[in-house]
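Biologist: I would like a close look at a single part of this protein, set against the picture of the whole chain. Could you take me through it step by step, at a pace that suits a first-year student?

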Amino acid sequence: GCLEGHLLAGEEAFVLERREDDSVWYGVNTFSRPAHPLALVGYPAVRALQWKFARDSTRAVREGVRDARAAESVEGDERRR
């Protein structure tokens, strides 16, 4: 949750799970509401930034998983030699 005095009141949750079938699942769940008059005025921009963060973090996780799998593949190839 947000700390007291924050411009928004709400919570964020991030879940990253690697399943037995080696698939990776990632989710971002947020909810918030303005807790200050300034946040009320800028709330549409705040929501846009929250959506941008969700997209950007999902992309970063996807790239990290791709890079980790590529590294695992290279390590496996080197062990087989």
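Modeller: What follows begins with the whole chain and then turns to one helix and the residues on it. Please keep in mind throughout that this is a predicted model.

The protein has two helices and two strands, and if you follow the chain from the N terminus, these elements come in the order β-β-α-α. The radius of gyration is 19 Å, whereas the globule rule gives 12 Å for 81 residues, and since the value for this protein is well over that figure, the protein is more spread out than a compact globule. The spans of the C-alpha trace along its principal axes, about 65 × 20 × 20 Å, describe the outline in another way. Of the 81 residues, 10% are buried, and the accessible surface comes to about 6700 Å², with 57% of that surface belonging to carbon and sulfur atoms. As for charge, there are 13 positive and 14 negative side chains, and the centres of these two sets lie 5 Å apart.

The part to look at closely is helix α2, which covers residues 43-80 and holds Ser 57. Is Ser 57 buried or exposed? Its relative accessibility is 11%, and because buried means under 20%, Ser 57 counts as buried. When its neighbours within four places in sequence are left aside, Ser 57 is in contact with Tyr 26 and Val 28.

Helix α2 also carries Phe 53, which brings us to the aromatic rings. The count for the protein comes to one aromatic pair. That pair is formed by Phe 14 and Phe 53, whose ring centres are 5.8 Å apart and whose planes make an angle of 80 degrees, an arrangement described as edge-to-face. The two partners come from distant parts of the chain, since Phe 14 sits in strand β1 (residues 8-18) and Phe 53 in helix α2, with their positions 39 residues apart in the numbering. Phe 14 has a relative accessible area of 44% and is therefore partly exposed, and Phe 53, at 39%, is partly exposed as well.

A figure for the whole chain can be placed beside these individual contacts: among contacts between residues at least 6 apart in sequence, 41% join residues at least 24 apart. To bring the close look together, helix α2 holds Ser 57, which is buried, and Phe 53, which pairs with Phe 14 of strand β1.

Definitions and conventions
Residues numbered from 1 in each chain as written. Predicted model: local features only at pLDDT ≥ 70, side-chain atom pairs only at ≥ 80, totals over all residues. Heavy atoms only, no water. Helix = DSSP H or I, 4+ residues; strand = E, 2+ residues; numbered from the N terminus. Buried < 20%, exposed > 50% of the residue type's maximum accessible area, 1.4 Å probe, protein only. Contact = heavy atoms within 4.5 Å. Rg over C-alpha atoms; globule rule 2.2 N^0.38 Å. Areas by Shrake-Rupley, 256 points an atom, 1.4 Å probe, with all protein chains shown as cover. Lys, Arg positive; Asp, Glu negative; His and termini not counted. Charge placed at Lys NZ, Arg CZ, Asp CG, Glu CD. Phe/Tyr/Trp six-rings, centres within 6.5 Å; stacked < 30°, edge-to-face > 60°.
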